Amino acid sequence: MTASSDAPRIYPIRLYGDPVLRRKAKPLQHTDILTVPGFDPQTVRQVANTMLETMFEARGVGLAAPQVGLPVRLFVAVEYEDDEEENEGQETPLKSRVLREFVMLNPVLSVLDKKKDRSYQEGCLSIPGIYEEGVARARAVQVRYTDLDGQARTLEADDYLARVFQHEADHLDGVFFLDRLPPEVTEDHRAELLAMQRKAKGFLNDLAVLEAQRRQERES
């Protein structure tokens with residue numbers, strides 16, 4: 001795993017049980033150099049572009065930096081021609097249906113419509129295969145954020161896109177969508193979540209070995 005020209009075009013997505021997913025992410029600047037564990041240092045723009053590719057590969061609608069091992073306040077998201085949840089498992093290239101791409105640094109969400117919506121089904125790339133309805137989300141939000149050029153931006157979103165932004169912003173505070181449902185829902189998925197935790201632990205062990213090898217190479 002390196003960020004050189006022959007590097008993989010996607011990042012491994014961290015799974016439920018990985019400690020980075022429970023950490024509160026820190027603010028960043030658009031000029032920062034970031035290091036995704038297992039990769040060489042990259043600019044914020046390079047990281048964001050690879051996060052988008054990773055998201056497309058996983059057939060998602062959003063991806064937060066902690067989900068690739070970076071505890072910084074950055075997420076990417078897209079608006080498709082139709083809801084991706086209606087096309088789960090289809091092979092249609094997602095890029096062909098993208099209406100807008102979003103890269104948001106240090107997003108701050110404000111509720112525009114306090115009425116809650118529980119009708120959508122939510123899933124998460126860090127909890128693959130688990131989907132639940134009933135997560136209460138504001139119907140409309142305003143997002144203040146910084147773009148990749150360092151410019152302050154403000155965006156309003158409603159319905160499904162508002163839900164996507166709220167879901168990704170939760171990741172920056174270490175919150176999963178399952179946390180917003182009754183505890184028995186998580187308990188219902190206990191076996192699956194335990195399997196993910198084991199897989200996450202294995203990944204971290206492999207990553208530690210890789211990082212040790214990379215340090216030795218740099219020092220030799």
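Let us start with helix α1, residues 44-57, which lies across β3, β4 and β5. Its direction runs at about 45° to that of β4, residues 74-80. I should say at once that this is a predicted model.

The second helix to consider is α2. Helix α2 packs on the sheet as well, where it touches β3, β4, β5, β8 and β9. The direction of α2 makes about 60° with that of β8.

Now to the sheet itself. It is an open sheet of five strands, in the order β3-β4-β5-β8-β9, and the pairing is antiparallel. Which strands stand at the edges? They are β3, residues 62-64, and β9, residues 152-158. Each of these has a single partner strand, so one side of β3 and one side of β9 are left without a neighbour in the sheet. From one strand to the next, the twist averages 35°.

The partnership at the β9 edge can be described further. Strand β8, residues 137-146, pairs with β9 in the antiparallel sense over seven bridges. To find this pairing in the structure, one may look at V141, whose bridge partner in β9 is A157.

I turn next to the aromatic residues. How many aromatic pairs does the structure hold? There are five, and I shall describe two of them.

One is formed by Y16 and F176. Their ring centres are 5.1 Å apart and their planes meet at 45°; the pair is therefore tilted, since edge-to-face would require over 60 degrees and stacked under 30. This pair links distant parts of the chain, 160 residues apart. Y16 belongs to the segment before β1, residues 33-34, whereas F176 lies in the loop between α2, residues 159-171, and α3, residues 183-188. Are these two residues buried or exposed? Both Y16 and F176 are buried.

The other pair is F102 with F165. Here the ring centres are 5.3 Å apart and the planes stand at 90°, so the pair is edge-to-face. This contact, too, links distant parts of the chain: F102 is in strand β5, residues 98-117, and F165 is in helix α2, 63 residues away. F102 and F165 are both buried. With F75, these two residues form a cluster linked by ring pairs.

Finally, one ring has a charged group over it. The ring is that of Y80, and the charged end of R97 sits over it, 5.2 Å from the ring centre.

Conventions. Residues are numbered from 1 along each chain as its sequence is written. This is a predicted model: local features need pLDDT of at least 70, side-chain atom pairs count only at pLDDT 80 or more; totals for chains, interfaces and linings use all residues. Side-chain values use heavy atoms; hydrogens and water are left out. Rings of Phe, Tyr and Trp (its six-membered ring) pair if their centres lie within 6.5 Å; planes under 30 degrees apart count as stacked, over 60 as edge-to-face and the rest as tilted. Helices (H or I, at least four residues) and strands (E, at least two) are DSSP runs, numbered from the N terminus. Buried means under 20% relative accessible area, exposed over 50%, partly exposed in between (1.4 Å probe, protein chains only). A charge sits over a ring if NZ of Lys or CZ of Arg is within 6 Å of the ring centre and within 35 degrees of the ring normal. Two strands pair if DSSP finds at least two bridges between them. Axes are lines fitted to C-alpha atoms, for helices over the stretch in contact, and angles run from 0 to 180 degrees between N-to-C directions. Contact means heavy atoms within 4.5 Å.
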